[in-house]
Amino acid sequence: MQPEARIGVWTELDHTNKGVPQMRKIITLSIVAAALAVSACNTIAGAGRDVSAAGSAVTQGANDAKR
């Protein structure tokens with residue numbers, strides 16, 4: 001198959017290579033953000049308390065909006 005006959009995303013990436021550095025930045029930032037989020041919670045119990053507190057805040061906000 002000739003390169004000109006290929007169709008799809010890979011054709012653009014093969015010729016321009018513009019998407020690869022952008023994707024690397026996105027992946028790197030996602031990993032850093034995930035590491036920061038995980039390090040904020042010392043234990044699984046701490047993560048559970050964080051999620052519970054967030055849920056309570058949303059519930060309270062919804063109840064306040066009803067009034």
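Averaged over the protein chain, the pLDDT of this predicted model is 76, and 63% of the residues score at least 70. That confidence is not spread evenly along the protein chain: helix H3, which covers residues 44-66, has the highest mean at 88, whereas helix H1, covering residues 9-16, has the lowest at 52. The placement of helix H1 is therefore best read with its mean of 52 in mind, pLDDT being the predictor's confidence in each residue on a scale from 0 to 100.

As for the overall architecture, the protein chain contains 3 helices and 0 strands, so that, read from the N terminus, the order of its elements is α-α-α. Between the two helices already named, the numbering places helix H2, which spans residues 19-40.

Turning to solvent exposure, one finds that of the 67 residues in the protein chain, buried ones make up 3%. The accessible surface of the protein chain comes to about 5,900 Å², and carbon and sulfur atoms supply 65% of that area.

Part of this surface can be followed at the level of individual side chains, since Met-23, Ile-26, Ile-27 and Ile-31 form a nonpolar patch whose members together have about 390 Å² of accessible area. Met-23, one of these residues, belongs to helix H2. Why is Met-23 classed as partly exposed? Its relative accessible area is 46%, and because the partly exposed class lies between under 20% for buried and over 50% for exposed, Met-23 falls into that middle class.

Note on methods:
Residues numbered from 1 in each chain as written. Predicted model: local features only at pLDDT ≥ 70, side-chain atom pairs only at ≥ 80, totals over all residues. Heavy atoms only, no water. Helix = DSSP H or I, 4+ residues; strand = E, 2+ residues; numbered from the N terminus. Buried < 20%, exposed > 50% of the residue type's maximum accessible area, 1.4 Å probe, protein only. Areas by Shrake-Rupley, 256 points an atom, 1.4 Å probe, with all protein chains shown as cover. Patch = residues over 30% accessible without salt bridge, like charges linked within 9 Å, V, L, I, M, F, W, Y side chains within 5 Å. Salt bridge = Lys/Arg side-chain N within 4 Å of Asp/Glu carboxyl O.
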